[in-house]
Amino acid sequence: MTGAEQREHARWLVSESRAIAVLTGAGVSAESGVPTFRGAGGLWRGRSAMDLATPEAFRRDPSEVWEFYHARLMGLRDVAPNEGHRALAVLEASRERFWLLTQNVDGLHRQAGSANVIELHGTIRTARCSRCARSLPISEALRGWTPGAVPACETCSAPMRPDVVWFGETLPEPALRQAEEAITHCDLMLVAGTSGVVQPAAAFAFHARARGARVIEVNPEETPISAIADVSLRGPSAHELPELLGEQERARLNPHTEDD
Ligand code: BJW
Ligand code: ZN
């Protein structure tokens, strides 16, 4: 199939689906200017972001990990959702059932208007105590913060940490439950902007496919998920996701284009 035919087929699959599960990764925020993990921008002071997003790194040097997350938070200050995020919010509004499973911690899906967002890897907007149950907005945890400092819990004095999921840690139980529900009930799984190598999210499309769901992938690069996808759209998600919408949905995405 040519690229145009693939797109047409994908649009048809989307139009036929009543229950859509979407899995997103760092690539959907790329056009908003947020660096991906495994891409060229995934380095911080010459270190791989993957080495810093670990409990070991936090135990070894919590202040360095806080500097890394502080830098990422600063990077998110002027960042806005892109057309890909917005297209998913529009799609949700016209479906009976819709789950947006995201591995991203940036909050951009919610900012774009998506309602049923399931944050598999937590959120960078909250900090929590590494020992007790205390949690608070990260901006409060970082009030008066200076490089080298580690915010301490006001209840038990243990180091606070970003409310994200690092390697070797289990995903939040409610998120896993909702992912299970999505995998069981979706008739289409749309996977966008993820390298498809981090478990358990990487396996979701395989499970949904085994239950009979169709799979569409949006990624400029081939991934392990490509092997089971009914269609792989090889372009940036800010461009490809709006292309999947029907005419009426598109009008909702660009309500002013006819007047312009
Ligand atoms: C574009 C684009 C554009 C570019 N448009 N696309 C089974 C087998 C083997 C190992 C394991 C296993 N089960 C668990 C594990 C261990 C581990 C794991 O998966 N390891 C593998 C890497 C080998 N998993 C875990 O530890 C998980 N916990 C768990 O399963 O607990 C139970 C358990 C533990 C231990 C053993 C067994 C069971 C937790 C994983 C937590 C991941 N955390 C991070 C950090 C979050 C906080 C933060 O943001 O700082 O999550 S790591 C990082 O990777 C982040 C991401 O969410 C995640 C996925 O990355 P993503 O989104 O795919 O980004 P990239 O950069 O990799 O890819 C971007 C893609 O976009 C690329 O494909 C580009 O082509 C594409 N792209 N521009 C569209 N414009
Ligand atoms: Zn505490």
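## Strands, helices and a first loop

Helices and strands are DSSP runs, at least four residues long for a helice of type H or I and at least two for a strand (E), and they are numbered from the N terminus. With these terms, Arg 45 can be placed in the loop between strand 2 and strand 3, the latter being residues 47-48. The model described here is a predicted one, and every value below was computed from it.

Arg 45 has a phi near 50 degrees, which is a positive value in a residue other than glycine. Its relative accessibility is 62%, and because residues over 50% count as exposed, Arg 45 is classed as exposed. As a general background, most residues other than glycine have a negative phi, and most peptide bonds are trans.

## Two further backbone features

Ser 157, found in the loop between helix 7 and strand 8, is another residue that has a positive phi without being a glycine, the angle being about 70 degrees. Is Ser 157 buried or exposed? With a relative accessibility of 58%, Ser 157 counts as exposed.

The peptide bond that leads from Gln 199 to Pro 200 is cis, and its omega is near 5 degrees. Pro 200 belongs to the loop between strand 9 and helix 9, where helix 9 covers residues 201-210. Gln 199 also appears in the surroundings of ligand 1, where it is among the residues that come nearest.

## The zinc site

Which atoms hold the zinc ion (ligand 2)? The SG atoms of Cys 129, Cys 132, Cys 153 and Cys 156 coordinate the ion at 2.2 to 2.4 Å. Along the chain, these donors follow the spacing C-x2-C-x20-C-x2-C. Cys 132 sits in the loop between strand 6 (122-129) and strand 7 (135-137), while Cys 153 sits in the loop between helix 7 (138-141) and strand 8 (160-164), so this pair ties together parts that are 21 residues apart in sequence.

The angles that the four donor atoms subtend around the zinc ion run from 97 to 121 degrees, and because four donors count as tetrahedral if all angles lie between 85 and 135 degrees, the arrangement is tetrahedral. Cys 132 counts as partly exposed at 27% relative accessibility, whereas Cys 153 is buried, with a relative accessible area of 3%.

## The surroundings of ligand 1

Ligand 1 has 35 residues around it, and of these Arg 38, Tyr 69, Arg 72, Gly 168 and Gln 199 come nearest. Sorted by class, the shell is made up of 17 nonpolar, 13 polar and five charged residues.

Several polar atoms of the protein can be paired with atoms of this ligand. An oxygen atom of ligand 1 is 2.8 Å from a polar backbone atom of Ala 26, and an oxygen atom of the ligand is 2.8 Å from an N or O atom in the side chain of His 121. With Glu 31, a polar side-chain atom lies 2.8 Å from a nitrogen atom of ligand 1. Taken alone, ligand 1 exposes 1500 Å², of which the protein buries 74%.

## Helix 5 and its start

Helix 5 covers residues 83-93, and eight of its eleven residues are buried, so the helix is largely enclosed by the rest of the structure. Among the buried residues are Gly 84, His 85, Leu 88 and Glu 92. At the start of this helix, a side-chain oxygen of Asn 82 comes to within 2.7 Å of the backbone nitrogen of Gly 84.

## Buried residues elsewhere

Ser 32 lies in the loop between strand 1 (19-24) and strand 2 (43-44), and it counts as buried at 13% relative accessibility. The side chain of Ser 32 reaches the backbone oxygen of Ala 80 at 2.7 Å. In strand 6, where Thr 123 is found, the side chain of Thr 123 reaches the backbone nitrogen of Arg 125 at 2.9 Å, and Thr 123 counts as buried at 13% relative accessibility.

Cys 186, in the loop between helix 8 (173-185) and strand 9 (188-192), counts as buried at 8% relative accessibility. Cys 186 and Ser 17 are 169 residues apart in sequence, yet 8.5 Å apart in space from C-alpha to C-alpha. Gly 235, in the loop between strand 11 (231-233) and helix 10 (237-243), is buried with a relative accessible area of 4%. The C-alpha atoms of Gly 235 and Pro 220 are separated by 4.5 Å, although the two residues are 15 residues apart along the chain.

Technical notes
Residues numbered from 1 in each chain as written. Chains lettered and ligands numbered in written order. Predicted model: local features only at pLDDT ≥ 70, side-chain atom pairs only at ≥ 80, totals over all residues. Heavy atoms only, no water. Donors = N, O, S within 2.8 Å, 3.2 Å for Na, K, Ca; no water. Tetrahedral: all angles 85-135°; square planar, octahedral: opposite > 155°, others 65-115°. Buried < 20%, exposed > 50% of the residue type's maximum accessible area, 1.4 Å probe, protein only. Near = heavy atom within 4 Å. Polar contact = N/O pair within 3.5 Å; in protein donor to acceptor, adjacent residues only side chain to side chain. Areas by Shrake-Rupley, 256 points an atom, 1.4 Å probe, with all protein chains shown as cover. Nonpolar A, V, L, I, M, F, W, Y, C, P; charged D, E, K, R; others polar.
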